[in-house]
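Q: I am new to this structure and would be grateful for a close look at one part of it. Please describe that part in a connected way, together with the backbone details that help a reader find the way along the chain.

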Amino acid sequence: MILSKFVDELPIPPILKPRWKDPFYTYYEVTMTEFRQSLHRQLNDSTVWGYEDGYPGPTIEVERGEKVLIKWMNNLPDKHLFPIDYTVHGAHQDVPDVRTVVHVHGACVEWESDGYPEAWFTKGFKHVGPYFRKQIYRYDNCNHACTLWYHDHTLGITRLNIYAGLAGFYLIRENRERSLNLPSGNYEIPLMIQDRTFNKDGSLYYPKQPEKPIPELETSITPEFIGDTILVNGKVWPYLKVEPRKYRFRLLNASNTRFYRIKLDSGQLMYQIATDGGLLDYPIGIKEIMLAPAERADVIIDFTNLEGKNIIMTNDAPAPFPGGDKPDPNTVGQVMQFRVTLPLSSVDTSTIPANLIPVPKIKEQSVSRIRYLTLNDTMDQYGREWMLLDHKPWDAPISENPKLGATEIWYLINVTDDSHPIHLHLIDFQILDRRNFDVDTFNKEKVIDYTGPAMPPEPQERGWKDTVRANPKQVTRIIMQFGPFTGLYIWHCHILEHEDYEMMRPYIVIR
Ligand code: C2O
Ligand code: CU
C-alpha cells in the first residue's frame, strides 16, 4: 500500500505541563496508554501506545540544572500490540507481556532513575522487575543545552514498545544558548523520524518471523526491521508550512533499524549547530546528514528568499546500513516537505552565529584505562544471527567497571558487516577516530592489524556524542570521563532488534 505524500500537516507535540513547580523541584506525571490516532488521512486510525495519550509523547522542556521528578505510569492493556518472541532474554513467559520502563536518552542521571532494562513495571506497579527501585524518577539535568529523547527500554521488548509509539522529546535549555539568538519559539521544531509498515486496515505491522522463518518457533525476533513508510512526529510523509526565514530543526532518528542520510532536494546547505549532547564549537554548513538510530542533529535551515518553493527532505541511506538496498526515491527516499507559503510575520532577527559553545577536547593524557571491545555476531541454537558486545550476552558478569571520574578510551572493534550505533548511558563522549583493520587477522590472532590511517570524525561529529556509528571492519575509538554518578548503567547497540537480542551490556561506575 503506497500512501500519498505530503497530504497531512506535520504535528508538533505539545509541551508537557508540570503538576507542580517550586524553587526546588518540578514534578511531572506521565501515563502510558493505548489509543487510536490518525497517522495518515488515507488510513483508518491506528492503535498505538503513547505517553499522555500522544504519539510521539509530549515534549518535556527543562532548564539546565533544574531538579525534575517524573512519575512514569503504565496504564496499558494486558495484551501487547505486537508478537512477542518468548525465547528472547527478559521476555520469557514468566513475566507479564506488557512491561515498561522509561529511559531519558542522553540524560545525566542517577542509576535508579535511568530506566535500567530490568527495572520494568506493569500497570499500577503491580509487577516490577528485579532492579526496580522507585516509582518517581529524579533527573538532575546536569547536561548542557541539548536535544534528548525519552523512550521505553524494557528488556527483551524495547523494539516492540518503541515501535508501538513510546517515544518523545526531552529538551534541555540554558541561558548561554538563549544568548546566541538562534531561531526559537515557533521557529524551533523537533522532528522525530521513524519508519513503519501498515496493514490494510490501518494497524501497524511488525513481523512475526524473519524473512526466512524459524520453523521451531511460533514467533521469532528478526535481525532488523525495515519499514516501507516514513513518518515524522507520528505522521506519514507530512508537510510543514514555513515562513521565508531561518528555522531550527531538532532531527532525531527514532527508528528501530533504519539509518537516514538526509538532504534537501533544493541542494541548499543545512547549518548543523548541535550533536547528541549539545552545541558544536561553531556551525557547519553541510549538504547531507547521516543519522543512525538514536542520533540527533540540530540544524538551521534558511528559507529566506524561497517564497513559493516546496522543498523535500530526502534520504538515500541503504537499509540495513551500509550493505542493504538503496531506498526507493519515490517512497522511503523521501521524508517530508517544507512549503515556503506562510507570509513573513516579522523580520527575522535570529542568527547563525560564527561561534556557538566551546567543546573542550578531552585530553588523551588523562586516560587511566583503555578497553578493547569487540562487536561480533554469532549464531544461537535456532541458527539465528546473534549480535553481541565483546562476545558476552546480557547476563554475563559485569566486565566494564570504570571508576568515578576516570577517563577511558574504548576501542569498538567491529568484526560484523553492519554499522552499529553504540550508545553509552550516563555520559557524553568524544569520537577520537575510526580506522580500518584486517578482520581475519583479528579473528585468528586477536591482534589489530590496521590497514589504513586513522580517520578523524566527520566535522559534524566533533561535538558531544552519546551514540556513535561503529562501522563494519573498523575500529572506532571514543573517549569519555565517567561520572558524576556511580551505579549500574548500560551500553548497547541502538538498533532495537540488536539491543533486544542481546547487543547490550551492563556497566558499573564504581567509587
Ligand atoms: Cu536510547 Cu539505552 O537508549
Ligand atoms: Cu547493532
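A: A suitable starting point is Phe-6, which is placed in the segment before strand β1 (20-21). The phi angle of Phe-6 is near 60°, a positive value in a residue that is not glycine. Phe-6 is partly exposed, with 18 other C-beta atoms within 10 Å; a residue counts as buried at 20 or more such atoms and as exposed at 12 or fewer, so Phe-6 falls in between.

The model described here is predicted. For the protein chain, the average pLDDT is 97, and 100% of the residues score at least 70. For the complex, the predictor gives an ipTM of 0.98 and a pTM of 0.98.

Next come two peptide bonds that precede proline. The bond from Tyr-55 to Pro-56 is cis, and its omega is near -5°. Pro-56 belongs to the loop that lies between β3 (46-51) and β4 (60-63). The bond from Ala-319 to Pro-320 is also cis, with omega near -5°. Pro-320 is found in the loop between β21 (310-315) and β22 (334-339).

The part chosen for the closest look is a sheet. Four strands form this open sheet in the order β28-β26-β30-β31, and their pairing is antiparallel. At its edges are β28 (467-470) and β31 (504-509), each of which pairs on one side only. From one strand to the next, the twist averages 25°.

Within the sheet, β26 and β30 can be followed residue by residue. Strand β26 covers residues 420-424 and strand β30 covers residues 487-493; the two run antiparallel and are joined by three bridges. Which residue of β30 is the bridge partner of Ile-422? The partner is Cys-493.

The edge strand β28 also leads to another backbone detail. Between β28 and β29 (474-481) there is a loop, and Lys-473 lies in it. Lys-473 has a phi near 60°, which is a positive value in a residue other than glycine. Is Lys-473 buried, exposed or partly exposed? With 16 other C-beta atoms within 10 Å, Lys-473 is partly exposed.

To bring the picture together, the sheet places β26 and β30 between the edge strands β28 and β31. The loop that holds Lys-473 lies between β28 and β29, while Phe-6 is in the segment before β1.

How values were computed: Residues numbered from 1 in each chain as written. Chains lettered and ligands numbered in written order. Predicted model: local features only at pLDDT ≥ 70, side-chain atom pairs only at ≥ 80, totals over all residues. Pairing = 2+ DSSP bridges. Axes fitted to C-alpha atoms, helices over the stretch in contact; angles between N-to-C directions. pLDDT = per-residue confidence, 0-100.
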